[in-house]
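Please walk through this structure one part at a time, beginning with a group of strands and ending with a single residue in a helix.

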Amino acid sequence: MQELTHYIGGAHVKGTSGRFADVYNPATGEVQARVPLANAAEMAYAVEVAAKAQPAWAAVNPQRRARVMMKFVDLLNRDMDKLAEALSREHGKTLPDAAGDVQRGLEVVEYCIGAPQLLKGEFTDSAGPGIDMYSMRQALGVTAGITPFNFPAMIPMWMFAPAIACGNAFILKPSERDPSVPLMLAELMEEAGLPKGILQVVNGDKEAVDAILDHPVIQSIGFVGSTPIAEYIYGRGCSNGKRVQCFGGAKNHMIIMPDADMDQAADALIGAGYGAAGERCMAISVAVPVGDETADRLVEKLVPRIEALKVGPYTAGKDVDYGPVVTAAAKANILKLVESGVAQGAELVIDGRDFNLQGYEDGFFVGPHLFDRVTRDMDIYRKEIFGPVLSVVRAQSYEEALGLAMDHEYGNGTAIFTRDGDAARDFANRVNVGMIGVNVPIPVPLAYHTFGGWKKSAFGDLNQHGPDAFKFYTRTKTITSRWPSGIKDGAAFNFKPMD
């Protein structure tokens, strides 16, 4: 049995709280490691180490900090296969999906190489008589991030890369379900030249989270997870005077207009609805075809594609479409919601409840499900399922379809599939959702734009990565200065101009 550690001060540190959590292999259901759960004293020690290291790092010029990011990118590419395999082993993702997890984090690191440009201040000459005015962006100090199980590489890098590029120290509290990759990332950052103590990994549960929320030295907190926890962290963190950004749950709709390419729409729904076993905050879990004829055509296209999905462990090869969900509890919750859909009258077109993978009977595999004729009052529509379950909600008009996405409490992402530019433009302008796809099923912005939802999917004023990250992880200081006017006489080594 492998016993994992924390990573503090440039070294692997054993837990001292005496509490541990099991780390499973989701494909087999076996416990493969245990991870220590930090108490408040262990978190305080990590903060102390970070606070001592941070001023010297902030004094390093931005160009040299960017060089660490450049080297880190090289190391991520070097170890891509190793990172993906470790990620798949603990999370259950397929290897290509795991590599994509690392890659999307890597792209944010690449963006952070531009820190010297992004951290430039502003200057006004002669704002008044003999007065100059300028502003600068300065690091916050010690910052922290609390990240989820579903992207154990990408989301930590979305947080710590810009924070560190800005001159902060960063304490990462990753998910205790798949903690190995975050520990590996910390090692790689130091191999890239990051000073010890600037990136700490402290594993834990609610006790560690509360220690982050209450520690007076920690200046900012980033979080990704469920909406109830996001609300808790945002409220408690802000009440303690911290800068906080929290990203919560989602229920992403994809509207399919009658003029859409139905094969394209069906293919998009398969990847967006069932990829990563649906464990994505940007997964499409609700398909909204406009008109019964559109709905019938869509379901007809979906059924054979779903029936052909290959579900299996990552070790079965790269043609596996998706693997297990992360825990037995997650599987049980998904199946409970499926049962509620049946009980509340939805039509279960494809029933994956009896899915069983030979040789992996104890794994956390969930078969694909497709519901039709789902209504907005059903639990499978209202709640985030976070599993391989796609619900078809039939709308009789474009306005009704638009209203479904707008009325839902979550507002993370949405998409429309159509050949009509006017409909697409109207949808993008009117819908109250943070990230919009036009014939794109999972509209996750690239690293140089920002990622963030609306409504109960996000709490805080600034999004993740892109320009907002450099605003979130710095404070603006503005200086107004006046110097005596007039030029002092001194040595002259050139011809004086004529009077």
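Strand 16 and strand 17 (residues 389-392) run parallel and are joined by three bridges, where strands are DSSP runs of E with at least two residues, helices are runs of H or I with at least four, both numbered from the N terminus, and two strands pair if DSSP finds at least two bridges between them. Within this parallel pair, Val389 of strand 17 is the bridge partner of His369. Strand 16 also pairs with strand 15 (residues 347-350), in the antiparallel sense and over three bridges, and there Leu348 stands opposite Phe371. Strand 16 (residues 369-372) is covered on both faces, with His369 and Phe371 buried on one side and Leu370 and Asp372 buried on the other; buried means under 20% relative accessible area, exposed over 50%, and partly exposed in between (1.4 Å probe, protein chains only).

This is a predicted model, in which local features need pLDDT of at least 70 and side-chain atom pairs count only at pLDDT 80 or more, while totals for chains, interfaces and linings use all residues. Residues are numbered from 1 along each chain as its sequence is written, and side-chain values use heavy atoms, with hydrogens and water left out.

Helix 4 (residues 95-112) contains Asp101, which counts as buried because its relative accessibility is 1%. Leaving aside residues up to four places away in sequence, Asp101 touches Leu87, Lys93, Asn150, Phe151, Pro152, Ala153 and Met154, a contact being heavy atoms within 4.5 Å.
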